[in-house]
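Got your viewer open? Let's take a walk through this structure, one selection at a time.

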Amino acid sequence: EMSEMSERSKQNVAHGLAWSYYVGYLKIVLPRVKKSMEEFSRANPNLLVSRKTWKLHILVPLSCDVYDDLEKADSNIQYLTDLTETTLARAGTKKRVYKHSLYSIRDEENQLWHCAVEFATPLQSLYAMSQDECAAFSREERLEQAKLFYRTLEEILNGSKDCAGTYRLITYEESGEAEPYFLSREILWHLRQQQHEEFPVLEEHPPHSPSMTLDSTELNLQLSMSDLPHPLRSDGF
């Protein structure tokens, strides 16, 4: 009965996607990110200046609008190169390749910042489901699922010792107006925050605030505990 209720309300979709994303991808690649960044930094000492930004920056748009080409999404974001590949045998595939792309982000003063950044790919599935009649996913349900995906992923990663200090979740909600440099400003805000953590700066008025400050507390208010997925077992464990 609990399983049927969860299926009818689609509560397990985002929860399952978050766990699949972690177990099938992030848990594999994140522990290797800093080594790849360190190797690149030795070869290019003037690019990755702040070690605090030696992380994989994961974009989580609540609209689930994922771009395959970041440069087309924002001209202030330019592809630079790929970091060192990780090759593993995975689920019957020999030499499966995992890699991350390094980008240059141009700020308001025409200065370049560099970081590894990519979208959370499971959001593409949520978006596709909202466009498929068989899934019967409304736009409102998609938004709630995106919030649940973010919160679940955040909780999983917070509890992962192997992934500690290797990632930065960048969640945002785009405004209705077209802003050509919206994405680069979001990324730059997070890069500056990390640099300030390394080099504390007293600043009464930060130059930019992210489009939203969506943390776990706010998400808890928006999604009640009764909305969360529940275990399918009924034996008390």
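## Stop one: a charged pair

Start by selecting lysine 99, which counts as partly exposed at 41% relative accessibility. Keep in mind as you look around that this is a predicted model. Now add aspartate 82: lysine 99 forms a salt bridge with it, and the closest N and O atoms are 3.2 Å apart. Lysine 99 sits in the loop between strand E4 (93-98) and E5, while aspartate 82 is in strand E2, so the pair ties together parts that are 17 residues apart in sequence. Aspartate 82 is partly exposed too, at 26% relative accessibility.

Why might such side chains pair up? Opposite charges can pair when the charged atoms come close.

## Stop two: the sheet

Next, show the strands. In what order do the five strands of the open sheet run? Follow them as E2-E5-E6-E1-E7, with mixed pairing. At the edges you'll find strand E2 (77-82) and E7, each pairing on one side only. From one strand to the next, the twist averages 40°.

Zoom in on E2 and E5, which run antiparallel and are joined by five bridges. Pick isoleucine 77 and look across to E5 for its bridge partner, isoleucine 105.

Then move to E1. Four bridges join E1 to E6, and these two run parallel; leucine 56 has alanine 116 in E6 as its bridge partner. E1 also pairs with E7 in the parallel sense, over six bridges. Here, select proline 61 to find its partner in E7, tyrosine 172.

Stay on E1 and show its side chains. Which ones point which way? Leu56, Ile58 and Val60 go one way, His57, Leu59 and Pro61 go the other, and all are buried. With six of its six residues buried, E1 is largely enclosed by the rest of the structure. In a regular strand, side chains alternate between the two faces of the sheet.

Now bring in helix H2, which lies across E1, E2, E5, E6 and E7 and runs at about 140° to E1.

## Stop three: the nonpolar core

Which residues touch the most other members of the largest nonpolar core? Select Leu26, Phe149 and Ile187, out of 55 residues in that core. Several elements each supply at least two residues, including helix H4 (122-131), helix H5 (139-158) and helix H6 (182-198). The largest share, 13 residues, comes from H2. Nonpolar side chains tend to be buried together in soluble globular proteins.

Centre on isoleucine 187. Leaving aside neighbours within four places in sequence, it is in contact with Leu59, Ile77, Ile105, Cys115, Val117 and Ile170.

## Stop four: rings

Colour the aromatic residues: there are seven aromatic pairs in the whole structure. One of them is tyrosine 67 with phenylalanine 119, a tilted pair at 6.2 Å centre to centre, with 45° between the planes. Tyrosine 67 is in the loop between strand E1 (56-61) and helix H3 (70-73) and phenylalanine 119 is in strand E6, so this pair ties together parts 52 residues apart in sequence. Buried or exposed, what is phenylalanine 119? It is buried, at 6% relative accessible area, while tyrosine 67 is partly exposed at 33%. Then select Tyr21, Tyr25, Tyr98 and Phe149, a cluster linked by ring pairs.

## Last stop: more salt bridges

The count of salt bridges comes to six. Try glutamate 179 and arginine 185, whose side chains meet at 2.5 Å, N to O. Finish with Asp107, Glu108 and Arg192, joined into one network by salt bridges that share partners.

Terms used: Residues numbered from 1 in each chain as written. Predicted model: local features only at pLDDT ≥ 70, side-chain atom pairs only at ≥ 80, totals over all residues. Heavy atoms only, no water. Phe/Tyr/Trp six-rings, centres within 6.5 Å; stacked < 30°, edge-to-face > 60°. Buried < 20%, exposed > 50% of the residue type's maximum accessible area, 1.4 Å probe, protein only. Core = buried A, V, L, I, M, F, W, Y, C linked by side-chain atoms within 4.5 Å. Contact = heavy atoms within 4.5 Å. Pairing = 2+ DSSP bridges. Axes fitted to C-alpha atoms, helices over the stretch in contact; angles between N-to-C directions. Salt bridge = Lys/Arg side-chain N within 4 Å of Asp/Glu carboxyl O.
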